[in-house]
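Subject: Structure for your review

Dear colleague,

Please find below the structure that I am handing over to you, followed by an account of what was found in it. I would be grateful if you could read the notes with the structure open beside them.

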Amino acid sequence: MATDPHTDERPLRADARRNRERILVAARDVCAQQGAHVQVDDVARLAGVGVGTVYRHFPTKDALIEALVAEKFRLTIDNIRAAQKIEDPWEAFSTGLRRNAEVMAADAGLRDALIRLGPAARHSDADRAELFAVAGALIDRAQAAGVLRDDVTVDDVGALMAGLCTSMAHPGLDWRRHLDVLLDGLRAHR
């Protein structure tokens, strides 16, 4: 996903910046509740702008959702960086996954986007490289300590987390239990 789907390189006027931020705030709220099935009309109404204003900033609903996912992508990186500061390698790894799972659980739109887009999600090359670097370092550290299976890759973790989204979408399922099972399967057992 592009980190900023706004293609015009000129800086936005102050009122346009405010409208764009109001649209993003409204979209975060509506998408978190309704998922990718959100209607642009609902976002515009909640933001207090016209539908045309939404489309001036985001030419399609997918572009709006991509902007929201890009925000969460940055939060994912920040959560992993915070987890890297934990001394115990297994705690660092599992905390990184747990924090990002909590973010996904609270946002139906993010879950829908991850399930729908999966590995094909378009992130900027720099964002993707940064995520792979920080997640890879977390994985390498846990593997070097002998607490994480040697065959686990960044792609594996991403795919497993996307799969966990399916559990989160069903209120009758305990996704936290599923995350515990997932973590147990990733742990190196000696």
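Phe93 has a relative accessibility of 1% and therefore counts as buried, the cut-off being under 20%. Please bear in mind throughout that this is a predicted model. The residue belongs to helix H5, which covers residues 89-105. Leaving aside residues up to four places away in sequence, Phe93 touches Leu138, Ile139, Ala142, Leu148, Val157, Leu183 and Leu186. With regard to Ala135, the C-alpha atoms of Phe93 and Ala135 are 8.8 Å apart in space, although the two residues are 42 residues apart in sequence.

Two of the residues just named lead to other helices. Val157 falls within the range of helix H8, residues 154-168, and Leu186, a contact of Phe93, also takes part in the meeting of H8 with H9.

Helix H8 and helix H9 (residues 175-186) pack with their axes 9 Å apart and at an angle of about 155°. The two helices are therefore roughly antiparallel to each other, as the angle is over 145 degrees. The crossing of H8 past H9 is right-handed. On the H8 side the contact is made by Leu160, Leu164, Ser167 and Met168, and on the H9 side by Trp175, His178, Leu179, Leu182 and Leu186. By class, seven of these residues are nonpolar and two are polar, with no charged residue in the contact.

A second helix pair has another arrangement. Helix H1 (residues 14-34) and helix H4 (residues 61-84) have axes 10 Å apart and pack at an angle of about 85°. H1 and H4 are therefore roughly perpendicular to each other, the range for that term being 65 to 115 degrees. Ile23, Leu24, Ala27, Arg28 and Cys31 of H1 meet Leu64, Ile65, Ala67, Leu68 and Glu71 of H4. This contact comprises eight nonpolar residues and two charged ones, and no polar residue.

Turning to the protein as a whole, there are nine helices and zero strands. Of its 190 residues, 43% count as buried. Among contacts with a separation of 6 or more, 70% are between residues 24 or more positions apart. The exposed area of the protein is about 10,200 Å², of which carbon and sulfur atoms supply 53%.

Yours sincerely

Notes
Residues are numbered from 1 along each chain as its sequence is written. This is a predicted model: local features need pLDDT of at least 70, side-chain atom pairs count only at pLDDT 80 or more; totals for chains, interfaces and linings use all residues. Side-chain values use heavy atoms; hydrogens and water are left out. Axes are lines fitted to C-alpha atoms, for helices over the stretch in contact, and angles run from 0 to 180 degrees between N-to-C directions. Helices (H or I, at least four residues) and strands (E, at least two) are DSSP runs, numbered from the N terminus. Angles under 35 degrees count as roughly parallel, over 145 as roughly antiparallel, 65 to 115 as roughly perpendicular and the rest as oblique. A crossing is left-handed if the near helix is turned anticlockwise from the far one by less than a right angle, and right-handed if clockwise. Contact means heavy atoms within 4.5 Å. Ala, Val, Leu, Ile, Met, Phe, Trp, Tyr, Cys and Pro count as nonpolar, Asp, Glu, Lys and Arg as charged, and the others, Gly among them, as polar. Buried means under 20% relative accessible area, exposed over 50%, partly exposed in between (1.4 Å probe, protein chains only). Accessible areas come from the Shrake-Rupley method with a 1.4 Å probe; for residues, only the protein chains shown count as cover.
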